[in-house]
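Here is a short, friendly tour to read with the sequence and the model side by side. Keep the viewer open and pick out each residue as it comes up.

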Amino acid sequence: MKIQTHESAENYLETIYMLGKSGNPVRSIDIASELEYSKPSVSVAMKNLRSNGHITVDGDGHITLTQSGLKIAKNMYERHTLISSWLISLGVDSTTAINDACKMEHGMSEQSFIAIRNHIDQLKMNK
């Protein structure tokens with residue numbers, strides 16, 4: 001079952017996931033800096049993500065993904081990395097590929113994404 005979220009929420013969750021991979025605590029200011037958004041915008045988004053059960057925020061302002069938030073973030077991250085790598089392999093420059101992948105990852109059905117992933121996996125096996 002797919003958890004329904006808005007594109008902006010998916011972007012925030014993916015960003016929290018990517019920032020957290022460094023091992024350092026993630027704070028709202030880190031997200032604002034990474035996405036180049038205003039601190040008030042990020043604050044509102046964090047409130048919404050928290051009320052939807054996708055994140056927790058401790059007393060020091062450290063943001064942690066919940067199980068549902070982590071599932072969404074990992075899904076978006078996988079889509080983003082696979083699609084951007086695929087576009088680069090087709091000859092698209094990396095900046096364009098990354099930007100296009102960000103747009104494509106949110107609007108693409110699960111069926112289409114799985115088909116692309118299976119196709120890429122098949123190409124790798126045939127090499």
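**A briefing on the fold, its pockets and a few residues**

H80 has a relative accessible area of 13%, so it falls under the 20% cut-off and counts as buried. This histidine belongs to helix α4, and it also helps to line the largest pocket. Please bear in mind that the model is predicted. The bullets below start with confidence and overall layout, then turn to the pockets and to single residues.

**Confidence**

- The mean pLDDT of the protein is 91, and 96% of the residues reach at least 70.
- Confidence is highest in strand β2 (residues 63-65), at 98, and lowest in α6, at a mean of 90.

**Overall layout**

- Six helices and two strands make up the secondary structure of the protein.
- Along the sequence these elements come in the order α-α-α-β-β-α-α-α.
- Taken along the principal axes, the C-alpha atoms fill a box of roughly 50 × 35 × 25 Å.
- The protein has 127 residues, and 31% of them count as buried.
- Among contacts with a separation of 6 or more, 56% are between residues 24 or more positions apart.
- About 7900 Å² of the protein is exposed, with carbon and sulfur atoms supplying 52% of that area.

**The largest pocket**

- How much space lies in the largest pocket? The value is about 240 Å³.
- Its lining consists of N11, E14, T15, M18, E34, L35, Y37, H80, I98, N99 and C102.
- Three elements give two or more residues each to this lining: α1 (7-20), α2 (28-35) and α5 (94-107).
- The largest share, four residues, comes from α1.
- Sorted by class, the lining of the largest pocket holds five nonpolar, four polar and two charged residues.

**The second largest pocket**

- The second largest pocket has about 200 Å³ of space.
- Around it you will find T81, L82, S85, W86, S89, L90, H119, I120, L123, K124 and K127.
- The elements that provide two or more of these residues are α4 (67-89) and α6 (110-125).
- Helix α4 gives the most to this lining, with five residues.
- By class, the lining of the second largest pocket divides into five nonpolar, four polar and two charged residues.

**H80 and A73, two buried residues of α4**

- Which residues does H80 contact, leaving aside its neighbours within four places in sequence? They are E14, I98, A101, C102 and E105.
- Of these contacts, E14, I98 and C102 also appear with H80 in the lining of the largest pocket.
- A73 lies in helix α4 as well, and its relative accessibility is 0%, so it counts as buried.
- Setting aside residues up to four places away in sequence, A73 touches L13, E14, Y17 and L65.
- A73 and Y12 are 61 residues apart along the chain, while their C-alpha atoms are separated by 8.4 Å.

**I55, a buried residue in a strand**

- I55 is part of strand β1 (residues 55-57).
- Is I55 buried or exposed? It is buried, because its relative accessible area is 2% and the cut-off is under 20%.
- Beyond residues up to four places away in sequence, I55 touches L13, I16, M46, L49, R50, I63, T64, L65 and T66.
- I63, T64 and L65 in that list are the residues of strand β2 (residues 63-65).
- L13 is 42 residues from I55 in sequence, and the two C-alpha atoms are 8.4 Å apart in space.
- L13 and L65 are touched by I55 and also by A73.

**E36, an exposed residue in a loop**

- E36 sits in the loop between α2 and α3 (39-51).
- With a relative accessible area of 73%, E36 is over the 50% cut-off and so counts as exposed.
- The phi of E36 is near 60 degrees, a positive value in a residue other than glycine.
- For context, most residues other than glycine have a negative phi.

Methods. Residues numbered from 1 in each chain as written. Predicted model: local features only at pLDDT ≥ 70, side-chain atom pairs only at ≥ 80, totals over all residues. Heavy atoms only, no water. 1 Å grid on protein atoms, 1.4 Å probe; cavity = no way out; pocket = protein on both sides within 12 Å on 5 of 7 lines; lining within 4 Å. Points joined across faces, edges and corners; volume = space filled by probe spheres on them. Nonpolar A, V, L, I, M, F, W, Y, C, P; charged D, E, K, R; others polar. pLDDT = per-residue confidence, 0-100. Buried < 20%, exposed > 50% of the residue type's maximum accessible area, 1.4 Å probe, protein only. Contact = heavy atoms within 4.5 Å. Areas by Shrake-Rupley, 256 points an atom, 1.4 Å probe, with all protein chains shown as cover.
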